[in-house]
Amino acid sequence: MRIICIGGGPAGLYFALLMKKLDPAHRITVVERNRPYDTFGWGVVFSDATMDRMREWDRDTADEIEGAFNHWDDIELHFKGRALRSGGHGFVGIGRKRLLNILQARCEALGVELVFEHEVASDEEFADADLIIASDGINSRIRQKYADVFEPDIVTRPNRYIWLGTTRLFDAFNFLFEKTEHGWFQAHVYKFDDKTTTFIVETPEDVWRAHGLDEADTAQSIAFCERLFKDHLQGHPLMSNARHLRGSAWLNFQRIQCKQWHHFNGRSHVVLMGDAVHTAHFAIGSGTKLALEDAIELVQQFKAAGDTPEHIPQVLEQYQAVRAIDVLRLQNAAWNAMEWFEVVGRRYADQLEPEQFMYSMLTRSQRISHENLRVRDAAWLQGYERWFAQRAGLHVAADAVPPPPMFTPLTLRGLTLPNRVIVSPMAMYSANDGVAGDFHLVHLGARAMGGAGLVYTEMTCVSADARITPGCAGMYAPEHQAAWKRIVDFVHASTPARIGIQLGHAGRKGATRVAWEGIDEPLDSAGAWPLVSASALPYLPRSQMPREMTRDDMRRITADFMRATRMAAEAGFDILELHCAHGYLLSSFLSPLTNRRTDDYGGSLENRLRFPLEVFNAVREAWPKDKPISVRLSCHDWYPGGNTADDAVEIARAFKQAGADIIDCSSGQVWPDDKPQYGRMYQTPFADRIRNEVAIPTVAVGAIFEADHVNMVIAAGRADLCAVARPHLADPAWALHEAAKIGYDGVAWPKQYQSGRRQYETNLRRNYVAPGK
Ligand SMILES: Cc1cc2nc3c(=O)[nH]c(=O)nc-3n(C[C@H](O)[C@H](O)[C@H](O)COP(=O)(O)OP(=O)(O)OC[C@H]3O[C@@H](n4cnc5c(N)ncnc54)[C@H](O)[C@@H]3O)c2cc1C
Ligand SMILES: Cc1cc2nc3c(=O)[nH]c(=O)nc-3n(C[C@H](O)[C@H](O)[C@H](O)COP(=O)(O)O)c2cc1C
């Protein structure tokens, strides 16, 4: 085959040499605009795993690279005058120039033709090529030429960065944080040979501008960074290898994804590779790895299908199908890491102490979990767990094993929860005229015995016409209070758990059938009751039309909430949650999708908050001063024109000012066609943002289903509690079982169940494989 690689970066060179190895008869040319030793950038890092893959495909290159590598295990954080270090991270660093020279030499040895100092204007220069690899980097001209085919999605990110080097040698991967009068700067620092260290400086656009760096040329920018990081540089200079020192060398990262990776131009097949088709932020250090792995995959597909021109279309299809999935996975992790560095100044740096800041930074991509950190550096993690437990008010003796963050207490006003796991509120549709019965006693009682620190009732309705379904529980009649008191008393007398009540009003989502007869499906008109909502909008086209609430309705419903609150206090509940989520009545006021009012209760966010805050204030007044109140929010409507996380931050701030103690961060269910972005712990970013930007405790909820998730969320300070719903339906003793799975024995099982515990733990130990291994 006749093959042309446009661009002699890692992707083009590595593909060329592997393909030549596959069959030396292939005629392969790499065309590069730069001179052989003339390249941008300093050092790049890979993981040990990338090296292993390279060794499988070409031992000679891998040996050469390994000979030039700097290997290190430690990450060191410099923050607020402290230096913290953890190990076991396994990186290798190499100069970009050195890497390219190794690849160039190997290409030449195998007979690949290398053409330098030739800027390719178009793929049509190569009329005889069967295959053209567009490995021409992030600004790929070929990708731009066929943009309508490749459909690139390019997102320019807000931070500014400059890629520098220094002669100061650091013996670990260092992250340096410095605060100026305008905000935070961070440097990502790693040595890549015995003389030089990569030094990437990054800061948000507004901080960059406030320092006048938008007006600074490269030399002035370097002088600024040298002053800022002078304590770390210890007299060593910073250097740029941008060819011209005039003009700004500060860049914005661009995230690139393409829908289509290949195209037939009428004569040759053209395929994108490396940065030309996808980028990964340097916060995760994987762009070169992706480029090399693209090259490996394409060669692998040729090897499997046959490396002759007639196989090209099929091979390119397969190449895209396989790589697109791996790349997306890595881009998602890189995105999380990148976002962490974008918000670190305003969200974490001022709020978190160095120990927790370190933990948050290490888990920034959310690919490295709590137990994974234990595998990397058990001593460091145990030290952190000790620190965390002490901050939570526990005394941990120097020779005692500290509890994992999930099993530390949390205090809100006069309430101390024994651990961080909540049984999330879940409607059971099994009440009789609003009365919680034996089912509820057994259901909540079993879960309170099952290890959670707090169990919530389902949404408990403040009047008969506030119910979602005829099976919903209520708190509006004396028999309701008595029924709940029986359950509260059982939980208090027989378990270490605390118990909370969630109070709500269904609004326009009321008068529907119980779940197993059709969620949100309206009742037949005979059994239905009239509905009220912020505006006269039915939930589904076939739902009952609600009436827009009047001021009188508001007064009546506020009084209903107050009555229910007093009854709940008398029944002995420990915490109250006001349900302002999921499209029910209070949520229908908050969302602009469902609130179309033109009076003081609609329009601006301030107006939309007015009625929910009136209810909150009434509830706060009726609820004992020493008991906390939680507010559950839909932090994103997942629908155009609806509330987003930005609105949720302001809503949470308003409830905090009104006296809320904790915000329970759910999302969606406000609009029937919403499109939530599901995934592991998918709502935790809302809890994280609200906790750290509004400075109020939060509950994370949604697809949290392992101890590892809870530990990670709590330890990183993304939330203070984790609510776990569906896993508790599958397993009432979820918290006890999860403790056993991570080998933690400090949590008490009911004394009646001790022999079950011993057998369970023994069986687990026999089959245990640590997460991350
Ligand atoms: C600040 C920063 C830090 C980074 N750190 C890391 C890291 O630690 N680890 C890591 O794995 N990755 C890192 N990367 C990413 C890495 O540099 C790229 O992902 C990687 O180089 C992509 O390889 P490539 O071959 O696709 O493209 P490139 O390396 O960009 O190569 C493309 C080549 O094509 C040439 N070219 C372009 N147009 C033409 C044309 N028209 N004619 C001829 N030649 C042309 C260019 O001169 C260039 O040599 C970092 C990137 C940045 C910006
Ligand atoms: C059967 C069921 C009933 C639910 N009822 C309520 C409810 O009454 N109030 C509420 O705020 N959320 C309710 N939810 C939502 C859960 O509290 C929780 O936010 C959601 O299930 C996500 O958590 P998970 O991934 O752990 O299940 C319910 C969820 C389920 C599965």
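A polar contact is a pair of N or O atoms within 3.5 Å. In this predicted model, one such pair joins Arg33 to ligand 1: an N or O atom in the Arg33 side chain sits 3.1 Å from an oxygen atom of the ligand. Arg96 also uses its side chain, putting a polar atom 2.8 Å from a ligand oxygen. Ala11 works through its backbone instead, with an N or O atom 2.9 Å from an oxygen atom of ligand 1. Ligand 1 on its own would expose 990 Å², and the protein buries 93% of that.

What surrounds the ligand? The shell draws two or more residues from each of helix H1 (10-22), strand S3 (43-47), strand S10 (152-166) and helix H10 (287-305). H10 gives the largest share, with four residues. There are 31 residues around ligand 1, and those that come nearest are Glu32, Val45, Arg96, Asp275 and Thr288. Sorted by type, the shell holds twelve nonpolar, twelve polar and seven charged residues.

Now for strand S9, which covers residues 131-134. S9 has a parallel partner in strand S1 (residues 2-6), with four bridges between the two. Cys5 is bridged to Ile133 of S9. Strand S17 (residues 269-272) pairs with S9 too, again in the parallel sense and over four bridges. Here Ile132 has Val270 of S17 as its bridge partner.

In a regular strand, side chains take turns pointing to the two faces of the sheet. In S9, Leu131 and Ile133 lie on one side, with Ile132 and Ala134 on the other. Are these residues buried or exposed? All four are buried, so both faces of S9 are covered.

Technical notes
Residues numbered from 1 in each chain as written. Chains lettered and ligands numbered in written order. Predicted model: local features only at pLDDT ≥ 70, side-chain atom pairs only at ≥ 80, totals over all residues. Heavy atoms only, no water. Buried < 20%, exposed > 50% of the residue type's maximum accessible area, 1.4 Å probe, protein only. Pairing = 2+ DSSP bridges. Near = heavy atom within 4 Å. Polar contact = N/O pair within 3.5 Å; in protein donor to acceptor, adjacent residues only side chain to side chain. Areas by Shrake-Rupley, 256 points an atom, 1.4 Å probe, with all protein chains shown as cover. Nonpolar A, V, L, I, M, F, W, Y, C, P; charged D, E, K, R; others polar.
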